[in-house]
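Reader: I am in my first year and would like a close look at one part of this model, namely the pockets and what surrounds them. Could you take me through that part slowly, in one connected answer?

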Amino acid sequence: MHKDVTPVWHILGAGAMGCLWAYYLKSAGHPTTLLLKNCAALERFLSTGNITINSATSLASLPVRAELTTQKGNIDYLLLTTKAYDVIPALSAVAHRLHPNSVVILMQNGMGIAEQVCQQFPELNFLLATTTIGAHRNAPFCITEAGLGPTYLGNFAQCMDPNLAQQVYNYLCESNLDISFEPNLNARLWQKLAISCTINPLTAILNCKNGELIKSDEGIQLIKAICDEVETIAQANKIAINQPYFQQVLNVAKQTAENYSSMWQDIQRGRQTEIQYTNGFVIQQGENLQVETPTNQWLIDIFNQLEEESSQAHTHEKNYSDYLH
Ligand code: PAF
């Protein structure tokens, strides 16, 4: 079945990234289905049946299929774009539809998910992806593209047959998004982790756009202190670092100066964040390696309080936002 046929994709996690990939895969002529968690979400989607993408120069809509996760029918290619904390429940919800040749691509912020997946779904063929694409959701199934950067795909602990991995990569290339197969995905994941440990929680705490963080000396010093801790842990894990994380984070803050980070958006909507998979992961790694991470610890303590306040303030909106992911 993994010969030269058009792959049929299922996308689970209809947030900004899920909708964006669904749109591009469908534009490439790949049959694409959004998997939704409940009837309310499905009804809402079916009222238009479209995914809409705004970019600086255009507004475009494309019809895709949608169905409930609980439905029957094999899933051959699954792109999982849920939040990190939803990966295991999401995979469990569709486990009855996966078969020995199914391929799953995990595309989340943060780290530590792949290990959990390996443990709970030891037979699963999966690949990891990390992206630099900026996108945010304006309304359900309607997103804004805030910068199309590269996406890197890689094999975690050689979980997947390399020929099959190559084939999946070829399919994704047909989407016309910028995608590379990365033999050393860990280096990319740690780079992204440094970005997610700094820009994301700091913009959420300070309630600002990414670019604001580097307008003050205090902001820059804080970024440096967090990055130094992430870098120490990365080095202890023998991760290749080609440019200091601090420098990389400054560059991303500059390039995405006008964006609101995904964590800022989560806090604004009272949604659970991925902090346990970003700064929480760094702190956990520090404990394992007996390396101190006081700035990340200080940040997560403030952040946890903020997350709780934001969740309480938005309790009434919970039912609405939950069904989307
Ligand atoms: O999660 C995000 O929003 C991204 O990590 C980044 C790079 C901060 C873009 O806003």
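Author: What follows goes from the pockets to the nonpolar core, and then to the salt bridges and a few single residues.

Please keep in mind from the start that this is a predicted model. The largest pocket holds about 1200 Å³ of space, and its lining is made up of 48 residues. If you want to find the middle of this pocket in the structure, look for Met17, Asn109, Ile133, Lys192 and Ser262, which are the lining residues nearest its centre.

Several elements take part in the lining of the largest pocket, and at least two residues come from each of helix H1 (16-27), strand E8 (125-131), strand E9 (135-139), helix H6 (185-206), helix H8 (245-255) and helix H9 (262-269). Of these, H6 supplies the largest share, with 7 residues of the lining. When the lining of the largest pocket is sorted by class, 27 residues are polar, 13 are nonpolar and 8 are charged. Both domains are represented there, since domain 1 (9-183) and domain 2 (187-324) each contribute at least three residues to the lining of the largest pocket.

The second largest pocket has about 230 Å³ of space. It is lined by 19 residues, and Met111, Gly112, Glu115, Leu128 and Leu189 are the closest to its centre. Two or more residues of this lining come from each of strand E7 (98-107), helix H4 (113-120), E8, H6 and helix H10 (279-289). The lining of the second largest pocket consists of 12 nonpolar, 6 polar and 1 charged residues. Where does this pocket lie with respect to domain 1 (9-183) and domain 2 (187-324)? Both domains give residues to the lining of the second largest pocket, so this pocket lies between them.

From the pockets we can turn to the nonpolar core. In soluble globular proteins, nonpolar side chains tend to be buried together. In this model the largest nonpolar core has 54 residues, and those with the most contacts inside it are Leu78, Leu91, Val117, Phe126, Trp190 and Val230. Helix H6, which you have already met in the pocket linings, gives the most to this core, with 10 residues. Because domain 1 (9-183) and domain 2 (187-324) both give residues to this core, the core lies between them.

The charged side chains come next. Side chains of opposite charge can pair when their charged atoms come close. The model has 8 salt bridges in total, and a few of them deserve a careful look. One of them joins Arg188 to Glu182, with the closest N and O atoms 2.8 Å apart; Arg188 is partly exposed, at a relative accessible area of 26%, whereas Glu182 counts as buried, at 15% relative accessibility. Another salt bridge links the side chains of Lys224 and Asp228, at 2.9 Å from N to O. Both of these residues lie in helix H7 (residues 217-236), where Lys224 and Asp228 are 4 residues apart, about one turn of the helix. Lys224 is partly exposed, with a relative accessible area of 34%, and Asp228 is likewise counted as partly exposed, at 32%.

The salt bridge between Asp266 and Arg271, at 3.6 Å from N to O, has buried residues at its two ends, with Asp266 at a relative accessible area of 4% and Arg271 at 7%. Elsewhere, Arg65, Glu67 and Arg97 are joined into one network by salt bridges that share partners.

Finally, a few single residues are worth finding in the structure. Gln247 lies in helix H8 and is partly exposed, with a relative accessible area of 32%. The C-alpha atoms of Gln247 and Cys227 are separated by 9.2 Å, and the two residues are 20 residues apart along the chain. Asn176 is not a glycine, yet it has a positive phi of about 70°. This residue, Asn176, sits in the loop between helix H5 (162-173) and strand E12 (179-181), where it is exposed, with a relative accessible area of 70%. Lys238, also a residue other than glycine, has a positive phi near 60°. You will find Lys238 in the loop between H7 and H8, and at 74% relative accessibility Lys238 counts as exposed.

Definitions and conventions:
Residues numbered from 1 in each chain as written. Predicted model: local features only at pLDDT ≥ 70, side-chain atom pairs only at ≥ 80, totals over all residues. Heavy atoms only, no water. Salt bridge = Lys/Arg side-chain N within 4 Å of Asp/Glu carboxyl O. Buried < 20%, exposed > 50% of the residue type's maximum accessible area, 1.4 Å probe, protein only. 1 Å grid on protein atoms, 1.4 Å probe; cavity = no way out; pocket = protein on both sides within 12 Å on 5 of 7 lines; lining within 4 Å. Points joined across faces, edges and corners; volume = space filled by probe spheres on them. Nonpolar A, V, L, I, M, F, W, Y, C, P; charged D, E, K, R; others polar. Domains from an automatic or database assignment. Core = buried A, V, L, I, M, F, W, Y, C linked by side-chain atoms within 4.5 Å.
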